[in-house]
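Please open the structure in your viewer and keep the selection tool at hand. The tour proceeds stop by stop, each beginning with what to select.

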Amino acid sequence: MTLKQAKELVRGRLSDKRYEHTLNVKKMAVKLAKRYGADEEQAALAALLHDSAKEISKDEMREILRAYPQYAEGGEERPAPVWHGVCAAILARTQWGVEDEAVLSAIACHTAGKPGMTRLDKILYLADMTSAERDWPGVEKLRKLERNDLDAAMLVALKQTNDFVLSQGKPLDPMSKAAYEDIYAQVEARAGTACGSSD
């Protein structure tokens, strides 16, 4: 699937506001890909498709998850807000001809994260949180951080998301918790090596 096809596809599936968000995420993802030496084309495609299932009904999402259990990543057992990413990846894989596993992974985990995130996974996750129209408290700080350190930014972003979900009294996706712990361990290990070398 070309970027042009992806753009046309989501234009037909999304409200104006969500489509504008999608284009903003694409811009930010490409910028971060450039900054961190990731594939810009992959980043753009993942960003264009990341919310492509966001505006279908819960029942439709449930059907998609049930139809493809092998790709559903825990499916409907997980909190409903993460379904749209997994469903978008399933549709991209099964109906829209996207075969790039890196792109599919980034789409599927853009809401909750997961342990062992790739550079592209992190780029899309952050681009979604810091796209131009986002104005939550602390977004400016995160934009600065993501320009300098992808993992440190992910740590802040995951904590922000997890705290927000919990503050609303909603269940936290186990993947989000695992993603946070995974990146926390990596950042700690890196800090340990940095300190260790100066001893």
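Are α3 and α6 parallel, perpendicular or oblique to each other? The model to be examined is a predicted one.

**First stop: helices α3 and α6**

Select residues 40–49, which form helix α3, together with residues 101–108, which form helix α6. Their axes cross at roughly 40 degrees and come within 9 Å. An angle under 35 degrees would count as roughly parallel, and one of 65 to 115 as roughly perpendicular; α3 and α6 are therefore oblique to each other. The crossing in which α3 passes α6 is right-handed.

Now display the side chains in the contact. From α3, select Q42, L45, A46 and L49; these meet A102, V103, A106 and I107 of α6. Sorted by class, the contact of α3 with α6 holds seven nonpolar residues, one polar residue and no charged residues.

**Second stop: helices α2 and α7**

Proceed to helix α2, residues 16–36, and helix α7, residues 119–130. The axes of these two helices lie 8 Å apart, and the packing angle is about 135 degrees. Since only angles over 145 degrees count as roughly antiparallel, α2 and α7 are therefore oblique to each other. The crossing of α2 and α7 is right-handed.

On the α2 side, select H21, V25, M28, A29, L32, A33 and Y36; on the α7 side, select R119, I123, L124, L126, A127, D128 and T130, which they meet. This contact of α2 with α7 comprises ten nonpolar, two polar and two charged residues.

**Third stop: salt bridges around E76**

Side chains of opposite charge can pair when their charged atoms come close. Across the whole structure, a search finds 17 salt bridges. Select R62 and E76, whose side chains form one such bridge, at 3.2 Å from N to O. R62 belongs to helix α4 (residues 58–67), whereas E76 sits in the loop between α4 and α5 (83–94), so the pair ties together parts that are 14 residues apart in sequence. Is R62 buried, partly exposed or exposed? With a relative accessibility of 25%, R62 counts as partly exposed. E76 is likewise partly exposed, at 27%.

Keep E76 selected and add R66. The side chains of E76 and R66 meet in a salt bridge of 2.6 Å, N to O. Here too the pair links distant parts of the chain, with R66 in helix α4 and E76 in the loop between α4 and α5, ten residues apart. R66 is exposed, its relative accessible area being 55%.

**Fourth stop: R190 and D149**

Select R190 and D149 next. Their side chains meet in a salt bridge, with 2.6 Å from N to O. R190 is part of helix α10 (residues 174–198) and D149 of the loop between α8 (139–148) and α9 (150–167), so this pair ties together parts that are 41 residues apart in sequence. At 39% relative accessibility, R190 counts as partly exposed.

Before leaving the salt bridges, select D59, R62, R66 and E76 together: bridges that share partners join these residues into one network.

**Last stop: E63**

Finally, return to helix α4 and select E63. E63 has a relative accessible area of 57% and is exposed. Add G97 to the selection, which lies 34 residues from E63 along the chain. How far apart are the C-alpha atoms of E63 and G97? The separation between these two atoms is 20 Å.

Definitions and conventions: Residues numbered from 1 in each chain as written. Predicted model: local features only at pLDDT ≥ 70, side-chain atom pairs only at ≥ 80, totals over all residues. Heavy atoms only, no water. Salt bridge = Lys/Arg side-chain N within 4 Å of Asp/Glu carboxyl O. Helix = DSSP H or I, 4+ residues; strand = E, 2+ residues; numbered from the N terminus. Buried < 20%, exposed > 50% of the residue type's maximum accessible area, 1.4 Å probe, protein only. Axes fitted to C-alpha atoms, helices over the stretch in contact; angles between N-to-C directions. Left-handed = near helix turned anticlockwise from the far one by under 90°. Contact = heavy atoms within 4.5 Å. Nonpolar A, V, L, I, M, F, W, Y, C, P; charged D, E, K, R; others polar.
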